[in-house]
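Reader: I would like to learn how to read a model like this one, feature by feature. Could you walk me through it?

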Amino acid sequence: MRSYRLTAFGAAAVLLSLSAAGPALADDGEADRSFTIEDPRITESSGLAASRAHPGIYWTHNDSDDGPYVFAVDSRTGKTVARITMKGVGAPRDVEAISLGPDGNLYVGDIGDNLNGSWNHVWIYRFPEPKELRDATVRATQFDVKYADGPRNAEAMMVHPETGRVYIASKNEDGGGLYEGPAKLTAGGDNVFRRVGEVPWVTDGAFSPDGKELVLRSYFSARGYPFAKGRLGKDYPVEAPLLGQAESVTYTADGSALMYGSEGEQSDVVRVDLKNGGGDEPARAGGTPSSAGAGSGTGEDGVPVKGTTLTGGIVLASLALVLFVSTRRRKR
């Protein structure tokens with residue numbers, strides 16, 4: 001999301017970032033813990049997807065102006081173990097999301113539009129998740145995407161882990177929409193996505209491994225939704241860490257936690273444990289932060305984790321401080 005400016009909104013994000021200490025790398029070799037992306041080439045991590053073939057590996061990519069690259073990062077060390085170059089696709093414009101499908105393919109969403117409707121189509125790229133983790137060039141399939149109700153900006157793309165259907169959540173300050181793609185994407189023609197639900201401001205999203213829950217995140221909060229037969233249920237608050245420019249979220253491969261990412265050099269990826277469901281109730285991220293911080297308002301490695309109500313209060317306080325300082329300066 002390259003157009004992010006240091007306005008009052010941006011300054012609030014900076015203040016939130018300063019209030020959260022970056023997570024330390026795990027020193028016991030355990031995967032799926034909070035980590036820091038160490039690769040200097042990854043400065044705008046804008047999407048996350050947990051590998052199923054390689055435990056502890058997370059796929060990510062830069063936002064815009066980078067090229068057709070996808071990176072595999074090891075959560076045990078924060079280091080890149082593979083950079084994949086996609087060939088057979090056009091020049092990416094604004095890559096915002098990545099998701100792993102039940103077919104074993106990685107789906108890359110070139111779906112951003114910072115001018116909010118200036119492009120009459122966007123793209124999705126698809127290629128098989130590599131069996132070996134090493135730098136490689138792979139041939140990807142490119143799919144043209146259009147929306148039934150006209151062009152729009154979007155940063156969240158999710159592939160359902162059971163049906164393989166692709167969903168996109170549009171991004172709008174007044175609320176966006178959840179768009180459902182065709183049952184099967186086809187190359188060489190338009191894939192029309194149709195609005196099937198209403199969602200808040202969204203920067204990324206992820207389905208639970210069983211496909212029964214959908215989590216959508218924004219810069220300062222996250223919401224969860226039961227998901228059945230392609231439709232959203234009643235939303236509920238989800239625990240989310242306080243990060244600077246919060247851009248990404250994914251479930252761990254085993255579904256035990258959510259991993260939240262952000263943009264920037266050496267950006268943090270923070271784990272938030274899920275509350276265990278009882279009986280037939282699915283596990284939800286609503287009441288239990290990471291084990292290291294349960295009951296204390298902090299997640300694993302001491303990163304603050306708060307619900308949406310407190311987060312909103314912090315944001316408003318930050319904005320008030322920025323406006324106060326700005327007013328004082330103008331009076332001088």
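**Hairpins, sheets and a cavity**

Author: Gladly! Let us begin with one bridge pair: Val215 stands opposite Gly224 in strand E17. Please keep in mind throughout that this is a predicted model.

Reader: Which strands does that pair belong to, and how many bridges join strand E16 to E17?

Author: The general idea is that strands of a sheet pair through backbone hydrogen bonds, either parallel or antiparallel. Here strand E16 (residues 213-217) and strand E17 (residues 222-228) run antiparallel and are joined by 5 bridges. With 4 residues between them, E16 and E17 form a hairpin.

Reader: What else pairs with E17?

Author: Strand E19 (residues 236-237) runs antiparallel to E17, with 2 bridges between them. Gly224 turns up again here, with Tyr236 as its bridge partner in E19. Strand E18 (residues 231-232) also pairs with E17 in the antiparallel sense, over 2 bridges. In that pairing Phe227 has Leu232 of E18 as its partner.

Reader: How many residues lie between the strands in the hairpin of E17 and E18, and what phi does Lys229 take there?

Author: There are 2 residues between the strands, and Lys229 takes a positive phi near 55°. As background, most residues other than glycine have a negative phi. Two other residues are worth a look for their phi values. Asp32 has a positive phi near 65° and is not a glycine. Gln266, also not a glycine, has a positive phi of about 50°.

Reader: Where do Asp32 and Gln266 sit?

Author: Asp32 is in the loop between helix H1 (8-19) and strand E1, while Gln266 lies in the loop between E22 and E23.

Reader: Is Asp32 buried or exposed?

Author: The cut-off for buried is under 20% relative accessible area. Asp32 has a value of 17%, so Asp32 is buried.

Reader: You mentioned E1, E22 and E23. In what order do the strands of their sheet come?

Author: The order is E1-E23-E22-E21, an open sheet of 4 strands with antiparallel pairing. At its edges are strand E1 (35-36) and strand E21 (246-251), each of which pairs on one side only. Within this sheet, strand E22 (residues 257-262) and strand E23 (residues 268-273) pair over 5 bridges in the antiparallel sense. One of the facing pairs is Ala257 and Asp273, the latter in E23.

Reader: Is Asp273 buried or exposed, and what does its side chain contact?

Author: Asp273 has a relative accessible area of 14%, so Asp273 is buried. Its side chain makes a polar contact of 2.6 Å with the side chain of Arg271.

Reader: Which strands stand at the edges of the sheet that holds E2 and E9?

Author: That sheet is open and has 5 strands, in the order E2-E3-E4-E5-E9, with mixed pairing. Strand E2 (49-50) and strand E9 (136-139) are at the edges; each has a single partner strand, so one side of each is left without a neighbour in the sheet. The partner of E9 here is strand E5 (residues 80-87), which runs parallel to E9 and is joined to it by 4 bridges. Among the facing residues are Lys87 and, in E9, Arg139.

Reader: Now for empty space. How many cavities of 30 Å³ or more does a search find, and what lines the largest?

Author: The search of the whole structure finds 1 cavity of 30 Å³ or more, and the volume of the largest is about 30 Å³. Its lining consists of Trp119, Asn120, His121, Val122, Val145, Lys146, Tyr147, Pro151 and Arg152. By class, that gives 5 nonpolar, 2 polar and 2 charged residues. Strand E10 (residues 141-147) supplies the largest share, 3 residues.

Reader: What does E10 pair with?

Author: E10 pairs with strand E14 (residues 190-199) in the parallel sense over 4 bridges. Val145, one of the lining residues, has Asn191 as its bridge partner in E14. E14 also pairs with strand E13 (residues 176-180), in the antiparallel sense over 5 bridges. There Tyr179 is partnered by Arg195 of E14.

Reader: And how many helices and strands does the protein chain have?

Author: The protein chain has 2 helices and 24 strands. Of its 332 residues, 52% are buried. Among contacts with a separation of 6 or more, 54% are between residues 24 or more positions apart.

Technical notes. Residues numbered from 1 in each chain as written. Predicted model: local features only at pLDDT ≥ 70, side-chain atom pairs only at ≥ 80, totals over all residues. Heavy atoms only, no water. Pairing = 2+ DSSP bridges. Buried < 20%, exposed > 50% of the residue type's maximum accessible area, 1.4 Å probe, protein only. Polar contact = N/O pair within 3.5 Å; in protein donor to acceptor, adjacent residues only side chain to side chain. 1 Å grid on protein atoms, 1.4 Å probe; cavity = no way out; pocket = protein on both sides within 12 Å on 5 of 7 lines; lining within 4 Å. Points joined across faces, edges and corners; volume = space filled by probe spheres on them. Nonpolar A, V, L, I, M, F, W, Y, C, P; charged D, E, K, R; others polar. Contact = heavy atoms within 4.5 Å.
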